[in-house]
Each structure stands twice: as structure tokens, then as C-alpha cells.
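User: I should like to learn how to read the features of a protein model in order. Please guide me through the sheet, the core and the backbone.

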Amino acid sequence: MGQLFQNLNRSLRTDQVLKAQCEGCHRRVTFARPEAVRLLGSDATPMEIRARLVCRACGGSARIWI
């Protein structure tokens, strides 16, 4: 059996939010599960999410957590 990789669908329950904080200016944002899945896709891995999220304030990269 193959390894199951962590992704939004497996990691983010319906009652949880995805949190991101800019590593540059420390701005924080949260995404409800439906919004995170719509913007990033249910199969998005943490690595893909970090690569796609860019701070609107300073253009920095994000640190993410649930």
C-alpha cells in the first residue's frame, strides 16, 4: 500500500481553519475549510500551500498551521 501524503482534505476538518502568517511582516490570515479548499484545492500539500500563499502586504512567504 502506498504512502498517504498530508493534504488539505486529510488534514483540515470541517470545524477547523487554515492559518497563515507572513514570515516578513507577521501579518496573519485565516481561511475556513471551504475557502481554503476553493482557493488551494483539496489535494494541496503543505509545501504547495506555502509556495502559493504570498503576503498581500509585503510579498513575503507564509508559515502555515491548522
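User: Where is H26 placed in this model?

Analyst: The model is a predicted one. H26 lies in the loop between β1 and β2 (28–32).

User: How should its backbone be read, and what is the phi of H26?

Analyst: In general, most residues other than glycine have a negative phi. H26 is not a glycine, yet its phi is positive, at about 70 degrees.

User: Turning to the sheet, what is the order of its strands?

Analyst: The sheet is open and has three strands in the order β2-β1-β3, paired in the antiparallel sense. Because β2 and β3 stand at the edges with a single partner strand each, one side of each has no neighbour in the sheet. From one strand to the next, the twist averages 20 degrees.

User: How many bridges join β1 and β2, and which residue of β2 is the bridge partner of L18?

Analyst: Five bridges join β1 and β2, which run antiparallel. The partner of L18 is F31. On this sheet packs α2, which touches β1 and β2 and whose direction makes about 95 degrees with that of β2.

User: Which residues form the largest nonpolar core?

Analyst: That core has twelve residues, including the bridge partners L18 and F31, as well as L8, L12, A36 and I64. Two or more residues come from each of β1 (17–22), α2 (33–40) and β3 (62–65).

User: Which residues does L12 touch, leaving aside those up to four places away in sequence?

Analyst: With those set aside, L12 touches V17, L18, R33, A36 and I66. Of these contacts, L18 and A36 are also listed in the core, as is L12 itself.

Conventions. Residues numbered from 1 in each chain as written. Predicted model: local features only at pLDDT ≥ 70, side-chain atom pairs only at ≥ 80, totals over all residues. Heavy atoms only, no water. Core = buried A, V, L, I, M, F, W, Y, C linked by side-chain atoms within 4.5 Å. Buried < 20%, exposed > 50% of the residue type's maximum accessible area, 1.4 Å probe, protein only. Helix = DSSP H or I, 4+ residues; strand = E, 2+ residues; numbered from the N terminus. Contact = heavy atoms within 4.5 Å. Pairing = 2+ DSSP bridges. Axes fitted to C-alpha atoms, helices over the stretch in contact; angles between N-to-C directions.
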